[in-house]
Structure formats: C-alpha cells, structure tokens
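Subject: Structure for you to look at

Hello,

Here is the structure I said I would pass on. Please open it first, then read the notes below with it on screen.

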Number of protein chains: 2
Amino acid sequence: MSLAKPSLEMLRALTDENVLRALMEEGRLTRAEIAARTGISKPTVSDSVRRLSEAGLLADTGERTTGRGRVGTYYSLAADTGAALVASIGPDGVVAETVDAFGTATARAEVGLGRAPGPHATARALTEAVALVRPRTHGRLRTAVISAADPVDRATGRLVHLPDAPFLVGDLDPAEVLAGSVDGAVLVDNDINWAARAERAGGCALGVDDFVYVHLGEGLGCAVVTDAEVRRGHHGLAGEIAHLFTEGPRGRAMPFTEVFAELGLRRAESTAIDVGALRAAALGDSAAARRTRGALARAVGGVLAAAVALADPRLIVLGGAWGAEPVIAEAIRAHFAALPRSVPVAAARVPEPALAGARARAVEALRTAIITAPRPEASA
Amino acid sequence: MSLAKPSLEMLRALTDENVLRALMEEGRLTRAEIAARTGISKPTVSDSVRRLSEAGLLADTGERTTGRGRVGTYYSLAADTGAALVASIGPDGVVAETVDAFGTATARAEVGLGRAPGPHATARALTEAVALVRPRTHGRLRTAVISAADPVDRATGRLVHLPDAPFLVGDLDPAEVLAGSVDGAVLVDNDINWAARAERAGGCALGVDDFVYVHLGEGLGCAVVTDAEVRRGHHGLAGEIAHLFTEGPRGRAMPFTEVFAELGLRRAESTAIDVGALRAAALGDSAAARRTRGALARAVGGVLAAAVALADPRLIVLGGAWGAEPVIAEAIRAHFAALPRSVPVAAARVPEPALAGARARAVEALRTAIITAPRPEASA
DNA sequence: CCGTCTAGTAAGGAGTCCTGACCAAAGGAG
DNA sequence: CTCCTTTGGTCAGGACTCCTTACTAGACGG
C-alpha cells in the first residue's frame with residue numbers, strides 16, 4: 001500500500017541490480033558491454049562495477065577481449081556468491097542438485113529408498129543427497145527450493161495428508177531437515193505445481209498465462225496457472241482434486257477418487273491408484289478396455305469441466321503416469337471436445353518436470369538473495 | 001522482464017506521485033503535512049508542489065491553517081483533474097455514477113428499461129444515464145469502469161453469450177457505446193467479479209486474499225479470488241459455472257444448470273432460473289420444501305467442492321437472490337460442512353456490491369491516469 | 001608505421017534529495 | 001500589551017547520482 005520513498009540510494013541500488021542481472025544472464029561482460037546491454041552510461045557502469053567489486057560480489061575474471069581496439073577486462077560474479085539447493089522428493093527417493101546464479105547445475109545426486117519407504121527414510125535420503133552435492137559446490141547454500149510428491153502446507157512448508165488421498169512421501173518437514181545445511185529460506189511446493197511452471201517456461205504451455213495442468217498418476221492432482229502464476233490457494237492445497245464431484249460409472253455423481261475405487265483400480269489397502277492395473281484394464285482394443293477408457297474419460301471430463309468453469313484456461317495439459325498415455329489421453333480429449341466449453345488439450349513434455357520447475361525458481365531466488373543481500377558500507 | 005533503468009527523472013516522478021497520492025487520500029494538506037505524511041523533506045515537497053501547481057494538477061485552495069504557528073496554505077488537486085464514470089448494467093436498467101479522484105461520488109443516475117429489455121434499449125439507457133451525470137461533474141471523464149450482468153470477454157470488453165446460460169443483458173459492447181463520452185480506457189467486467197472485490201474491500205471477506213464468491217440468482221456464477229486478486233482467466237470467463245458437473249436429483253452427475261431444469265425451476269423458454277418459483281418450492285417447512293432444499297444443497301455442494309479443490313479458498317461467500325436467503329444458505333452450509341474438505345461459509349453483505357466494487361476500481365484507475373498523464377515540460 | 005577502432009577514464013555539469021539554519025506570523029502566558 | 005513558543009515555509013550548502021563530452025590507452029589492419 002505505502003509507496004516507496006524516493007532516494008538517491010534507491011537509484012544506486014537499481015543501477016547495481018541492473019549490472020548484476022546483466023552479468024547473471026550473460027556470464028561475463030566488459031564494462032562497455034554492460035553499458036550497451038543496460039542502456040546505462042559507461043562511467044556509471046564503471047562506478048557500479050567498482051562498488052560491487054569492493055563489496056566482493058564481482059571479480060575480474062582475468063580474461064581480456066581480443067580484436068580491434070583497446071583490450072577490455074571481463075567481469076563476472078565472484079566465485080563465492082554461493083549456490084542454491086534444488087531437491088525433488090518422491091516415494092522412491094530423492095534427487096538433489098545445486099545450481100549457481102547463472103542457472104548452471106553444479107552437482108547432482110540421486111538417493112533411492114529401495115524397500116524402506118516412509119518419512120524417516122526420506123529425511124535420511126534428503127540429508128544424504130545434500131551431503132553428496134554439498135562438497136561439489138562453491139560457497140554456501142543461500143536458499144533451497146524443494147519439490148515434494150504430496151500436498152504442501154503453504155504457511156509451514158510441511159507435507160500434509162488429505163483424507164482419501166494417498167500420502168506418498170509421508171509426514172515430513174523439509175525445512176527442518178535442511179535447517180543445518182541451508183542458510184536462507186527454504187521454499188517447498190507440490191511437484192505438480194513445479195511441473196506446471198516447467199511446462200510454462202519451456203514445454204507445451206510455453207508462455208501461456210492461463211492454463212491448468214492435470215496430473216494423473218498414482219495420485220491425482222492439478223496445478224492452476226492464472227495470470228502467469230501458479231495459484232496455491234490459502235493453505236497451498238489448490239489443485240487437490242480427489243474430492244471434486246464428477247461423473248462416475250453409470251452416470252452417478254461421486255468424488256473423483258471414488259471413481260477408481262468403483263472401477264477396482266486402487267492398490268490394496270490404499271487410496272493410491274494402481275497404475276499397472278489401470279493400464280492393464282484400459283489399454284488395448286477389447287470392448288472392456290474401451291468401456292474402461294470411456295469411464296475414465298467421463299470422470300476426467302468432469303474434472304476438466306470444473307477447471308474450465310472456475311479457471312477459464314487457454315489450454316489444458318495432461319501429465320502423469322497414465323494421463324500422458326496416448327490412448328487414454330486421446331479418449332479424454334475426444335470426450336472433452338464434445339462438452340460445451342472445451343479448450344485445447346496438450347500432453348506434458350518436459351523431462352523431470354518437477355525438478356526443472358524447482359530449479360528455475362531456485363535460480364530466481366538465489367539471484368534475488370544476491371542482489372538484496374546487505375552490503376558492507378563503502379567507508380574505506 | 002527487463003529492469004527499469006535508473007534515472008533522476010524517475011526519482012522526481014516518484015516524489016510527485018507520493019505528493020499526489022497523499023493529497024488524493026487526504027483531500028487537502030499543507031506542504032508541511034505532506035512532508036510529515038510521506039517522510040519526504042520539506043524543501044523537496046515544496047519543489048514538487050511548485051512543479052505540480054505549474055502543471056495545473058494542484059492548486060492552493062485558499063484555505064489557511066489556524067492555530068499556533070505560521071499560517072499554512074492548503075493545497076488540493078486542481079478542480080479540473082477530471083472524473084471517472086462507473087456504471088452497472090443489468091437486465092432491468094442502468095445505474096451510472098461519476099467519481100472524482102478522492103473517491104467521492106459526484107453524480108448518480110438510474111435509468112430503468114421498463115417493458116423493453118434487450119441490448120439496444122440497454123445501450124440507449126446507458127447513453128442516457130451518462131448524459132444525466134455528465135453535466136453534474138467537473139472536467140472530462142478520463143476513464144470508465146463498467147459492471148455487466150453477463151459474462152465479459154476479457155480481450156474485447158464485449159458481453160458474450162455462453163451455451164445454456166441466460167443472456168440477461170444481451171449482445172453489447174459498452175466501450176463502443178461510451179466511445180464519444182469517455183476519453184480514456186473503458187474497463188468492463190462481470191458484476192459478480194466486482195461484487196467479490198467489494199466484499200474483499202469492506203464486506204464479509206474483508207482483507208481475505210483467497211476466497212470464492214458464489215452468486216446464486218437468475219444466473220449462476222462465481223468469482224475466484226486468489227492472492228488478493230480476482231482471477232478472470234484467459235477469456236475472462238472464469239467463474240462461469242453453468243456447466244460444472246455436480247450432483248443432481250437422485251444422485252446423478254449433471255451440469256449445474258441442468259439441475260434446475262430437472263427440478264422445474266427454470267423460467268419458460270429460457271435457461272434463467274425462476275427465482276420466484278424456486279423460493280416457492282424451497283422455502284417453508286413442508287417435506288417437499290425440505291426435499292427441494294436438500295437437492296439444491298447437494299448441487300451447490302458439488303460446486304463448492306470443486307471450488308475448494310481447485311482454488312483452496314479460506315472462505316466461501318454466498319450471494320445472489322436466493323443464495324443469500326438464510327434458510328437456503330443454511331441448508332447449503334450444513335450439507336457442505338459434512339464434506340471432507342469444508343471451509344467457512346459467509347453471506348455477502350455489501351449493498352449494491354457490483355457498483356461498489358466497480359467504483360473502487362474506477363477511483364484507482366482515475367488516480368493512476370492523473371499520476372501517469374504526460375505533463376507539460378517545465379520550460380518557462 | 002600510421003590510421004582506425006574500441007575500452008575505459010576524466011572533467012564538468014545538471015539534477016535530486018537532504019540537513020540545518022533561518023524567517024514569518026499567530027496563539028498563549030504573564 | 002509584550003514576549004515566548006510554536007509551526008509553516010524558505011534559503012543555503014552539501015552530498016550524491018547520473019549524464020555528456022572529450023580524452024587516453026592500446027591493439028589490429030593495411
């Protein structure tokens with residue numbers, strides 16, 4: 001609400017931010033190149049580079065320009081500006097990466113859970129994965145972005161269990177696990193939300209401001225992107241569609257998750273979908289398979305109709321172990337196209353989408369951490 | 001994406017904006033008061049006031065401070081800074097207002113349609129209402145914000161007809177009707193979206209960042225507020241819930257709008273709900289009324305479940321001719337509370353909500369128009 | 001070897017904001 | 001009535017930021 005107060009300090013900070021961002025995007029630049037890129041005059045850029053070098057954020061790389069004219073000196077971010085941790089937590093294990101401010105992944109580790117699933121084993125796997133990547137990165141970990149295959153409470157960052165939905169990873173607080181290894185903020189979100197961001201950044205929803213990503217796998221979920229942002233809702237549970245009323249077998253209205261119980265496609269003693277059984281029942285050319293596909297398409301169609309009604313997307317993206325299966329996706333698409341307010345349907349196509357989305361956000365977070373970090377007063 | 005380039009001009013503009021906003025909120029202030037309010041030093045404020053006075057945006061009101069100390073001169077916005085038009089368009093007619101940059105309504109007119117509904121009559125009514133308020137306002141109309149009781153295409157601002165939904169006002173392009181009377185941009189949105197903003201600004205959803213406003217009247221609609229903004233979706237049709245699949249009578253899945261056909265509660269030859277018939281059927285203590293209420297509650301419950309699943313609101317607001325009816329609202333609330341992911345339900349309470357929401361936005365738009373308007377170069 | 005071309009610096013100026021001192025004028029105390 | 005206090009507003013000086021223009025340093029090309 002309150003408007004920023006104008007000051008010369010603010011102006012200088014903006015100049016420094018321009019210089020830093022130019023270098024983050026380009027890797028290394030001479031002062032003249034920075035001036036050309038940002039539109040700021042050469043003397044001002046030189047001032048800023050001097051300031052930032054004295055603060056330890058920038059360094060002469062030792063490289064020099066070649067070609068006609070005077071040799072230029074290349075500057076780049078200092079080596080110790082730190083890194084960000086990215087991790088993807090699923091029921092099978094953990095994938096962890098570190099990225100620097102240029103967006104380059106500097107280390108990667110995968111730790112599987114084998115036959116010992118559960119939150120404790122997952123916490124250990126996360127700790128272990130961090131220990132594996134930690135020594136292979138320069139500087140401290142200034143922030144972390146975590147993807148988890150369960151709903152995430154927006155306020156606390158904890159994984160939460162919703163009624164009648166599978167709890168794939170289990171009760172876990174990633175921020176607590178990482179408390180010792182990461183200096184700054186730890187941001188946790190659902191894997192589907194990260195996947196949606198990845199599709200928007202470079203997948204089938206490239207640049208689309210309003211779309212819905214529907215994930216159909218062991219669990220059921222979706223991500224709602226409106227006005228170019230994933231919307232998480234008050235608790236962070238937007239997109240948890242298990243209890244959305246839709247059309248079940250024989251035209252009855254029932255929660256989405258119960259359709260799978262009704263069809264006998266759940267795993268024993270669990271609310272998770274048995275993807276193997278589903279594929280066995282829905283793929284192929286038999287009349288039974290076609291019937292199953294029809295039932296699935298009608299149930300998913302109800303979910304898509306709800307998404308269209310409430311979010312008005314330009315596009316719907318189907319992802320997940322069986323949602324991206326061409327034959328099933330085609331059945332869904334055909335049924336949905338016949339509904340009164342249909343929109344185009346596309347298939348997700350980014351590999352490791354959750355990790356990719358989290359990685360992009362981690363780079364962003366690391367960059368702003370570097371830019372907004374308090375700097376020593378220039379009082380020498 | 002690209003970062004603002006720092007410049008001294010930008011700083012000055014920020015100072016001027018601080019001064020202008022302070023005066024817009026407070027009405028009249030002395031330079032010392034502006035300095036105290038904004039935190040900007042007195043000399044700088046004096047400079048800014050001189051600049052803005054020379055540009056014709058500010059004027060000495062002639063009033064003077066009384067009390068101890070030197071007399072101060074009060075400044076205020078110049079009288080000719082213009083006004084904004086606000087209009088609410090419904091099937092029964094048009095209400096138009098003009099507001100100034102202080103948020104004060106300066107004129108108001110209501111033009112009914114009587115027995116001649118339809119888009120042509122509505123366009124005439126709008127023109128007439130504007131002609132009535134126009135002479136009673138100072139300065140030109142610099143922007144307009146329109147509320148319409150039909151879905152609005154976000155890109156064009158036209159009212160659009162969706163299949164199986166009533167078209168209460170009809171095919172109309174408010175911006176075209178107003179082209180001659182309004183200088184600046186014309187913003188058109190659905191009445192339900194404006195109502196939701198009004199409830200957030202000062203009603204039962206005061207300050208809530210994530211909520212869903214469900215309107216149950218002749219038409220069916222809702223507004224989705226996430227992260228403190230009404231989300232309109234790609235076409236502007238977010239919240240058009242007529243085709244959302246829900247639970248109909250006898251437990252069958254069907255589009256929301258068809259529930260009313262099934263219950264015989266639609267008006268003849270129309271997809272609009274017969275509110276009179278609905279009240280007759282659902283109010284009272286008879287077994288039949290209780291059955292009807294139950295059917296309505298289950299149908300609305302499906303819609304609320306979908307809203308909770310996709311938007312994760314902190315609150316659901318019920319409004320509209322029968323949605324706010326206490327007995328029906330209570331039936332909805334009771335049924336919804338038993339669902340697995342229930343959230344609090346409140347009743348809308350802002351009077352003339354669509355107009356109130358549009359008015360607030362019009363003030364905002366007028367203020368930014370004044371602040372960002374190109375100013376004559378100070379070259380005297 | 002000299003002209004050309006480019007990175008970077010130096011000098012000067014315009015503009016913005018601030019601090020602190022000062023002035024003007026009204027109300028209150030005695 | 002006079003003096004002091006209080007407050008709005010201005011003045012002068014200074015710190016700082018950014019820009020333009022002109023200049024220097026130094027390598028390549030012919």
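**What was found**

The residues of the surface near DNA strand D fall into eight nonpolar, 10 polar and eight charged. Keep in mind while reading that this is a predicted model.

**DNA strand D**

In total, 26 residues surround DNA strand D, and the closest are A:Thr15, A:Gly69, B:Lys42, B:Ser46 and B:Arg70. Of the strand D atoms that come within 4 Å of the protein, 59% belong to sugar and phosphate.

Three places show how the protein meets the phosphates of this strand. The side chain of B:Ser46 has an N or O atom 2.8 Å from a phosphate oxygen of DNA strand D. B:Thr73 uses a polar backbone atom, also 2.8 Å from a phosphate oxygen of that strand. For A:Leu11 a backbone N or O atom is involved, at 3.4 Å from a phosphate oxygen of DNA strand D.

The elements that give two or more residues to this surface are α1 (8-26) and α3 of chain A, along with α2 (31-38) and α3 of chain B. Which element gives the most to the surface near DNA strand D? That is α1(A), with four residues.

**DNA strand C**

DNA strand C is surrounded by 26 residues, the closest being A:Lys42, A:Arg70, A:Thr73, B:Arg12 and B:Thr15. Sugar and phosphate make up 61% of the atoms of DNA strand C that come within 4 Å of the protein.

Here are three phosphate positions to find on this strand. A backbone N or O atom of A:Thr73 is 2.7 Å from a phosphate oxygen of DNA strand C. B:Arg12 places a polar side-chain atom 2.8 Å from a phosphate oxygen of DNA strand C. A:Ala32 has a backbone N or O atom 3.0 Å from a phosphate oxygen of DNA strand C.

Two or more residues of this surface come from each of α2 (31-38) and α3 (42-54) of chain A and α1 (8-26) and α3 (42-54) of chain B. The largest share, four residues, comes from α1(B). Sorted by class, the surface near DNA strand C has eight nonpolar, 10 polar and eight charged residues.

**Chain B against chain A**

How many residues of chain B are in contact with chain A? There are 57, and they touch 57 residues of chain A. The size of an interface is often given as the accessible area lost when the parts come together. Between chain B and chain A that area is about 4600 Å², with carbon and sulfur atoms giving 65% of it. On the chain B side, B:Leu3, B:Phe245 and B:Leu310 lose the most area to chain A, together 16% of what that side buries.

Four salt bridges are found across the interface of chain B and chain A. A:Arg231 and B:Asp227 form a salt bridge through their side chains, with 3.0 Å from N to O. The interface also holds 24 residue pairs in polar contact, counting pairs with both residues at pLDDT 80 or more.

On the side of chain B that touches chain A, at least two residues come from each of α1, β9 (220-226), β11 (245-247) and α9 (287-311) of chain B. α1(B) gives the most, with nine residues. By class, this side has 27 nonpolar, 15 polar and 15 charged residues.

**Inside chain A**

Chain A is divided into domain 1 (8-78), domain 2 (83-194 + 354-368) and domain 3 (206-349). The contact between domain 2 and domain 3 of chain A takes 17 residues from domain 2 and 20 residues from domain 3. Taken over C-alpha atoms, the centres of these two domains are 26 Å apart.

Domain 2 and domain 3 of chain A bury about 1500 Å² between them, and carbon and sulfur atoms give 56% of this area. A:Arg154, A:Ile192 and A:Asn193 supply 41% of the area that domain 2 buries against domain 3, more than any other three residues.

One salt bridge is found across this domain interface. A:Asp189 forms a salt bridge with A:Arg232, and their closest N and O atoms are 3.3 Å apart. Nine residue pairs are in polar contact between domain 2 and domain 3 of chain A, again with both residues at pLDDT 80 or more.

On the domain 2 side, β7 (186-190) and α6 (191-202) of chain A each supply at least two residues that touch domain 3. β7(A) gives the largest share, four residues. By class, this side has 11 nonpolar, two polar and four charged residues.

Regards

Notes:
Residues are numbered from 1 along each chain as its sequence is written. Chains are lettered from A and ligands numbered from 1 in the order in which they are written. This is a predicted model: local features need pLDDT of at least 70, side-chain atom pairs count only at pLDDT 80 or more; totals for chains, interfaces and linings use all residues. Side-chain values use heavy atoms; hydrogens and water are left out. Domain bounds come from an automatic or database domain assignment. Contact means heavy atoms within 4.5 Å. Buried area is the accessible area (1.4 Å probe) that two parts lose on being put together, summed over both. A polar contact is a pair of N or O atoms within 3.5 Å; within protein, one must be able to donate a hydrogen and the other to accept it, and residues adjacent in sequence count only if both atoms are side-chain atoms. Ala, Val, Leu, Ile, Met, Phe, Trp, Tyr, Cys and Pro count as nonpolar, Asp, Glu, Lys and Arg as charged, and the others, Gly among them, as polar. A residue is near a molecule or strand if one of its heavy atoms lies within 4 Å of it.
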